[in-house]
Amino acid sequence: MGARLVLVDTNVILEAHRTGSWRALRGGHRLETVEDCVIETQTGAQNRRPEQRIEEAALRGDFRAIHAVGAVDRANAVLSHPSIAFLDAGEQALWCHALTRTDVWVLCGPDKASLRLGLALGLGGRLIALETLLDEVGHRPVIALRRNYTIAWHRETLASLSTETKRV
């Protein structure tokens, strides 16, 4: 499979760095994100151990594109899909951006609210686990991924959220 266009949220950036998988991820896929997510990677950086800090300039250079999401785009997205308003800032901006795209993309982010939104929008097939992306490039992290970044958790959670959505 060729390199995917992957929209990544803050949590994925942090986890890929924590596990030493960032280089493989950015080398094997075309990564894009939004300004809010890059900013969030720097929040609390002073409280992290030196090896866990992410250099912002280097991070920015690793992305194919970092998109700014303006107030009008946010307002339009919230008017069209009110549940977007309940996402964290980075996830909200990422979805606001994703919904303006006309090309093929997948979104990698382990937050249940984000996954629930993707399912509600009929975009469940575009939601992907970090472990899947790493498997596609033949990378096995030396430090294990946290459970909510694994294929098993992703499948279980999507199945559970799908059932929940059908009951509503």
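Q: Which residues line the largest cavity?
A: This is a predicted model, and a search through the whole of it turns up 1 cavity of 30 Å³ or more. That largest cavity holds about 40 Å³ of space. Its walls are made by C108, G109, P110, I128, A129, L130, N148, Y149, W153 and H154.

Q: How many residues in the lining of the largest cavity are nonpolar, polar and charged?
A: The lining includes I128, L130 and W153, along with N148 and H154. Ile, Leu and Trp count as nonpolar, while Gly goes with the polar group. Sorted that way, the lining comes to 7 nonpolar, 3 polar and no charged.

Q: How far apart in space are I128 and Y149, C-alpha to C-alpha?
A: Both I128 and Y149 help line the largest cavity. I128 sits in the loop between α7 (112-120) and α8 (130-136), and I128 counts as buried because its relative accessible area is 8%, under the 20% cut-off. Along the sequence, I128 and Y149 are 21 residues apart; in space, the C-alpha to C-alpha figure is 9.3 Å.

Q: Which residue has its backbone nitrogen 3.2 Å from a polar side-chain atom of T150?
A: Start with T150, which is found in the loop between α8 and α9 (151-167). T150 is buried, since its relative accessibility is 15%. A polar atom of the T150 side chain lies 3.2 Å from a backbone nitrogen, and that is inside the 3.5 Å limit for a polar contact. The nitrogen belongs to W153.

Q: What kind of aromatic pair do W95 and W105 form?
A: The structure has 2 aromatic pairs. In the one made by W95 and W105, the ring centres are 6.1 Å apart and the planes meet at 80°. An angle over 60 degrees puts a pair in one particular class, so W95 and W105 are edge-to-face.

Q: Where in the chain does W105 sit, given that W95 is in helix α6?
A: The W95 and W105 pair links distant parts of the chain, with the two positions 10 residues apart. W95 belongs to helix α6 (residues 89-98). W105 sits in the loop between α6 and β4 (106-108).

Q: Are W95 and W105 buried or exposed?
A: The cut-off for buried is under 20% relative accessible area. W95 comes out at 0%, and W105 at 3%. Both values fall under the cut-off, so W95 and W105 are buried.

Q: Which residue has its charged end over the ring of W105?
A: Besides pairing with W95, the ring of W105 has a charged end sitting over it. That charged end is 4.6 Å from the ring centre, and the limit is within 6 Å. The residue is R126.

Q: Which residue caps the N-terminal end of α1?
A: Helix α1 covers residues 10-18, and T10, V12, I13, E15 and A16 in it are buried. At the N-terminal end, a side-chain oxygen lies 3.1 Å from the backbone nitrogen of N11. The capping residue that supplies this oxygen is D9.

Q: Which residue with a positive phi follows α1, and which comes just after α3?
A: After α1 comes a residue whose phi is positive, near 70°, and that is G20. In helix α3 (residues 35-42), the buried residues are D36, C37, V38 and T41. Just after α3, the residue with a positive phi of about 80° is G44.

Q: How far apart in space are I151 and V38, C-alpha to C-alpha?
A: I151 lies in helix α9, while V38 is one of the buried residues of helix α3. I151 is buried too, because its relative accessible area is 18% and the cut-off is under 20%. They are 113 residues apart in sequence, and in space the separation is 25 Å.

Notes: Residues are numbered from 1 along each chain as its sequence is written. Side-chain values use heavy atoms; hydrogens and water are left out. Buried means under 20% relative accessible area, exposed over 50%, partly exposed in between (1.4 Å probe, protein chains only). Helices (H or I, at least four residues) and strands (E, at least two) are DSSP runs, numbered from the N terminus. A polar contact is a pair of N or O atoms within 3.5 Å; within protein, one must be able to donate a hydrogen and the other to accept it, and residues adjacent in sequence count only if both atoms are side-chain atoms. Rings of Phe, Tyr and Trp (its six-membered ring) pair if their centres lie within 6.5 Å; planes under 30 degrees apart count as stacked, over 60 as edge-to-face and the rest as tilted. A charge sits over a ring if NZ of Lys or CZ of Arg is within 6 Å of the ring centre and within 35 degrees of the ring normal. On a 1 Å grid over the protein atoms alone, a cavity is a set of points where a 1.4 Å probe fits but cannot get out, and a pocket is an open set with protein on both sides within 12 Å along at least five of seven lines; lining residues have an atom within 4 Å of a point. Grid points are joined across faces, edges and corners, and a volume is the space filled by probe spheres set on the points.
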